[in-house]
Amino acid sequence: MTVGYASILVFAAAAAYARGRNAGAVRWIFVAMLISQIGPTFNWVAAIMGWPLPASGALGITYLTLAIVLPYAVLARGLVAVDFVFSRALVYTIVLTVIVGVFILAEQLVERVALGRVQSAVVDLIVPLALGFSIKWIEASAERLVERVLYRDKMRAADEIDALIDDFPHARNLRALVGRVADDVHRLMRSPFVCIYREAGSTYSPVAQAGRGDALPIDADDPVFLRLRSKHAALRNDDLGGALPGHGAVFPLVVFGGLTGALYAAYRESGEQFDPDELKTLERLAHELAIALLWIERTAQTAAPELDAATS
């Protein structure tokens with residue numbers, strides 16, 4: 001109990017002073033800790049005073065609030081950036097643990113109000129059987145609930161970006177394609193500003209953008225683009241102090257070992273950065289986009305002489 005109350009005081013101070021993208025998650029945890037201690041506190045007071053435990057001790061179930069809210073605050077609200085697959089598995093495990101705990105608590109509660117040995121024996125038999133026969137249904141329901149509440153937007157965004165990538169080989173208009181990519185990343189990733197740059201002589205020029213921002217040509221030796229050419233990996237533009245506007249992530253467009261451009265996505269307005277799985281999705285999008293753009297250009301160059309020959 002002492003540890004619980006001390007934790008509440010710590011998170012009360014953290015919630016009061018938290019700012020930026022983590023503030024909401026910290027406040028969620030603080031409220032959950034308050035609620036989680038209600039039942040144990042009543043039970044503790046009753047034990048000290050020698051009173052019967054309220055509701056036969058069932059109020060202790062409020063402690064499960066922390067087990068439910070903590071994964072939501074830490075994983076879904078982005079307090080800690082972890083891989084999507086890992087976070088889902090962890091949340092499912094916690095949810096199932098909570099459900100099984102509720103079953104056990106229900107069994108103990110019914111046992112306490114049972115009238116005799118026969119009733120208690122029946123309860124001891126029925127509860128495990130009910131849990132065993134319903135575990136698959138419980139697991140499927142928990143999975144649907146978690147995905148609907150915590151990961152619906154993220155899963156929809158990943159599915160739509162996968163479908164967008166599948167469309168790349170069938171695209172014929174370069175400007176229409178880059179415009180669609182910029183719009184979709186802006187919408188699905190909730191990025192306030194997205195821009196696609198392509199190499200143009202000694203600069204990288206914007207060819208499509210979406211959201212609020214003003215993109216200008218950037219020198220080829222800008223620190224961000226210089227690092228993109230040397231590393232061929234996603235970067236945080238604010239780490240290098242380049243000319244890209246605001247704070248965000250930059251993804252290289254690489255074909256045959258050469259940097260042909262970049263996809264830039266600003267961080268969300270709350271300051272929330274992209275999770276590791278979202279970074280992987282955008283990296284894959286940029287890689288496939290670079291190939292698609294080169295294919296469209298080469299197809300157009302090949303078709304032009306053939307068209308001239310046919311009309312001459």
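Is D184 buried or exposed? In this predicted model, D184 counts as buried, because its relative accessibility is 13% and the cut-off for buried is under 20%. D184 sits in helix 8. Leaving aside residues up to four places away in sequence, D184 touches L164 and M189.

The overall architecture sets the context. The chain contains 10 helices and 6 strands. It has 312 residues, of which 38% count as buried. Among contacts between residues at least 6 apart in sequence, 55% join residues at least 24 apart.

Helix 8 covers residues 174-188. At 1.5 Å a residue, its 15 residues should span 21 Å, and the end C-alpha atoms are indeed 21 Å apart. D184 is one of several buried residues here; the others are L174, L177, V178, V181, A182, V185 and L188. Viewed down the axis of helix 8, the buried residues fall within an arc of 170 degrees, so they line one face of the helix. An α-helix has 3.6 residues a turn, so residues three or four places apart point the same way.

Both ends of helix 8 show local features. At the N-terminal end, N173 acts as the cap. A side-chain oxygen of N173 lies 3.1 Å from the backbone nitrogen of R175. After the helix comes R190, whose phi is positive.

R190 belongs to the loop between helix 8 and strand 1. Its phi is near 55 degrees, a positive value in a residue other than glycine. Most residues other than glycine have a negative phi. R190 is partly exposed, with a relative accessible area of 47%. F256 also has a positive phi, near 55 degrees, and is likewise not glycine. F256 lies in the loop between strand 5 (248-255) and strand 6 (258-266). F256 counts as exposed, because its relative accessibility is 72% and the cut-off for exposed is over 50%.

S191 is found in the loop between helix 8 and strand 1, which covers 193-200. S191 counts as buried, at 0% relative accessibility. The side chain of S191 makes polar contacts with backbone oxygens. One is to F193, at 3.1 Å. Another is to A266, at 2.7 Å. Not counting residues up to four places away in sequence, S191 touches V185, H186, A265, A266 and F274. Of these contacts, V185 is itself a buried residue of helix 8.

Helix 7 supplies a contact of D184. That contact is L164, which is among the buried residues of helix 7. Helix 7 (residues 152-167) has 16 residues. It reaches 23 Å from its first C-alpha to its last, close to the 22 Å expected at 1.5 Å a residue. Its buried residues are K154, A157, I161, L164 and I165. Seen down the axis of helix 7, these fall within an arc of 95 degrees, so they line one face of the helix. On the other side of helix 7, R152 and D159 are exposed.

Nearer the start of the chain, helix 2 (residues 23-36) packs with helix 3 (residues 38-49). The angle between them is about 30 degrees, and their axes are 4 Å apart. That makes helix 2 roughly parallel to helix 3, because angles under 35 degrees count as roughly parallel. At the meeting point, L34, I35 and S36 in helix 2 contact I38, G39 and P40 in helix 3.

Helix 2 itself has 14 residues. From first C-alpha to last, helix 2 reaches 20 Å, close to the 20 Å expected at 1.5 Å a residue. The buried residues in helix 2 are A23, G24, A25, V26, I29, A32, M33 and S36. S36 therefore appears both among the buried residues and among the residues that meet helix 3.

A16 lies in helix 1 (residues 2-17). At 47% relative accessibility, A16 counts as partly exposed. The C-alpha atoms of A16 and V26 are separated by 9.3 Å. These two residues are 10 residues apart along the chain. V26 is one of the buried residues in helix 2.

Notes
Residues are numbered from 1 along each chain as its sequence is written. This is a predicted model: local features need pLDDT of at least 70, side-chain atom pairs count only at pLDDT 80 or more; totals for chains, interfaces and linings use all residues. Side-chain values use heavy atoms; hydrogens and water are left out. Helices (H or I, at least four residues) and strands (E, at least two) are DSSP runs, numbered from the N terminus. The expected span of a helix is 1.5 Å times one less than its number of residues. Buried means under 20% relative accessible area, exposed over 50%, partly exposed in between (1.4 Å probe, protein chains only). The arc is that of the directions from the helix axis to the C-beta atoms. A polar contact is a pair of N or O atoms within 3.5 Å; within protein, one must be able to donate a hydrogen and the other to accept it, and residues adjacent in sequence count only if both atoms are side-chain atoms. Contact means heavy atoms within 4.5 Å. Axes are lines fitted to C-alpha atoms, for helices over the stretch in contact, and angles run from 0 to 180 degrees between N-to-C directions. Angles under 35 degrees count as roughly parallel, over 145 as roughly antiparallel, 65 to 115 as roughly perpendicular and the rest as oblique.
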